[in-house]
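Dear colleague,

I am handing over the structure we spoke about, and I would be glad if you read the notes below with it open in front of you.

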Amino acid sequence: MLQMEREKNELLLVEDLMIPSEKVAHVQSGNPLEHALLVLIKTGYSSVPVLNPQFQFEGVISKTKILEEALGLEQFEMNRLSDIAVQTVMDQDIPCLKKDHTFIDALHKLIDHPFVCVTGEDGEFDGIVTRREILKNVSKSYHESKNK
Ligand code: AMP
């Protein structure tokens with residue numbers, strides 16, 4: 001990648017790259033796992049953010065975590081999912097970004113996660129940055145630098 005292209009990407013901020021909250025599928029921390037599984041199946045995502053009633057980011061819930069909960073001794077017991085709240089099994093050890101973080105900050109965090117949440121000063125949920133968005137920018141820069 002040419003120096004100029006690299007600098008261009010480094011100047012991009014998270015707010016330029018993120019999917020805004022109103023376009024992000026999410027579940028509430030108090031929802032039952034049954035509802036979260038329905039959202040995940042309908043959207044086709046393997047995980048989505050979990051928010052509290054104040055719209056603050058709490059964690060991430062995944063299909064894998066839900067299916068682990070449904071797994072009984074010998075078979076899946078899907079009826080268990082209506083009695084367990086999302087907040088009891090969601091993953092809370094998730095890195096977040098702020099809107100003024102850079103492209104490179106986002107790229108580093110996305111090495112280990114398919115998406116990273118963007119939060120405001122009081123933990124309010126602003127949106128997500130996905131691997132797809134980062135890879136699209138890397139690919140664009142690569143082709144632009146090749147065609148110079
Ligand atoms: P991608 O890099 O586009 O494959 O997205 C990576 C992950 O980000 C997906 O598997 C979902 O878990 C999450 N994701 C992407 N777009 C959305 C969205 N609009 N709403 C909720 N989660 C999303």
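What follows is an account of what was found, going from the overall layout to the sheets, the helix packing and one loop residue.

Please keep in mind throughout that this is a predicted model. The protein holds seven helices and seven strands, and when it is read along the sequence these elements follow the pattern α-α-β-β-α-β-β-α-α-β-α-β-β-α. Taken along the principal axes, the C-alpha atoms fill a box of roughly 60 × 35 × 25 Å.

The strands first. One open sheet is built from three strands in the order β2-β3-β4, and the pairing in it is mixed; its edge strands are β2 and β4 (57-62), each of which pairs on one side only. Strand β3, covering residues 47-51, runs antiparallel to β4 and is joined to it by five bridges, and within β4 it is glycine 59 that stands opposite valine 50. Helix α3 lies across β2, β3 and β4, and runs at about 70 degrees to β4.

A further open sheet has four strands in the order β1-β7-β6-β5, again with mixed pairing. The edge strands here are β1 (19-20) and β5 (96-97), each pairing on one side only. Strand β5 runs parallel to β6, which spans residues 115-119, and two bridges join them; cysteine 96 stands opposite cysteine 117 in β6.

Now to the helices, for which the usual description applies: two packed helices are described by the angle between their axes and the distance between the axes. The axes of α3 and of helix α4 (residues 63-70) come within 10 Å and cross at roughly 140 degrees. Angles over 145 degrees would count as roughly antiparallel, and the crossing angle therefore makes α3 oblique to α4. This crossing of α3 and α4 is left-handed. On the side of α3 the contact is made by Leu33, Ala36, Leu37, Leu40 and Ile41, and on the side of α4 by Lys63, Ile66 and Glu69; by class, these residues divide into six nonpolar, no polar and two charged.

The other helix pair to look at is α6 (residues 103-110) with α7 (residues 131-146), whose axes come within 10 Å and cross at roughly 125 degrees, so that α6 is oblique to α7. The crossing of α6 and α7 is left-handed. Phe103, Ala106, Leu107 and Leu110 in α6 meet Arg131, Ile134, Asn137 and Val138 in α7, and the contact of α6 with α7 has six nonpolar, one polar and one charged residues.

Finally, the loop residue: which parts of the chain does asparagine 31 meet, beyond its neighbours within four places in sequence? Asparagine 31 sits in the loop between β2 (27-28) and α3 (33-43), and, once those neighbours are left aside, it is in contact with Ile84, Ala85 and Val86. Back towards β2, a polar atom of the asparagine 31 side chain lies 2.9 Å from the backbone nitrogen of glutamine 28.

With best wishes

Notes: Residues numbered from 1 in each chain as written. Predicted model: local features only at pLDDT ≥ 70, side-chain atom pairs only at ≥ 80, totals over all residues. Heavy atoms only, no water. Polar contact = N/O pair within 3.5 Å; in protein donor to acceptor, adjacent residues only side chain to side chain. Contact = heavy atoms within 4.5 Å. Pairing = 2+ DSSP bridges. Axes fitted to C-alpha atoms, helices over the stretch in contact; angles between N-to-C directions. Parallel < 35°, antiparallel > 145°, perpendicular 65-115°, else oblique. Left-handed = near helix turned anticlockwise from the far one by under 90°. Nonpolar A, V, L, I, M, F, W, Y, C, P; charged D, E, K, R; others polar.
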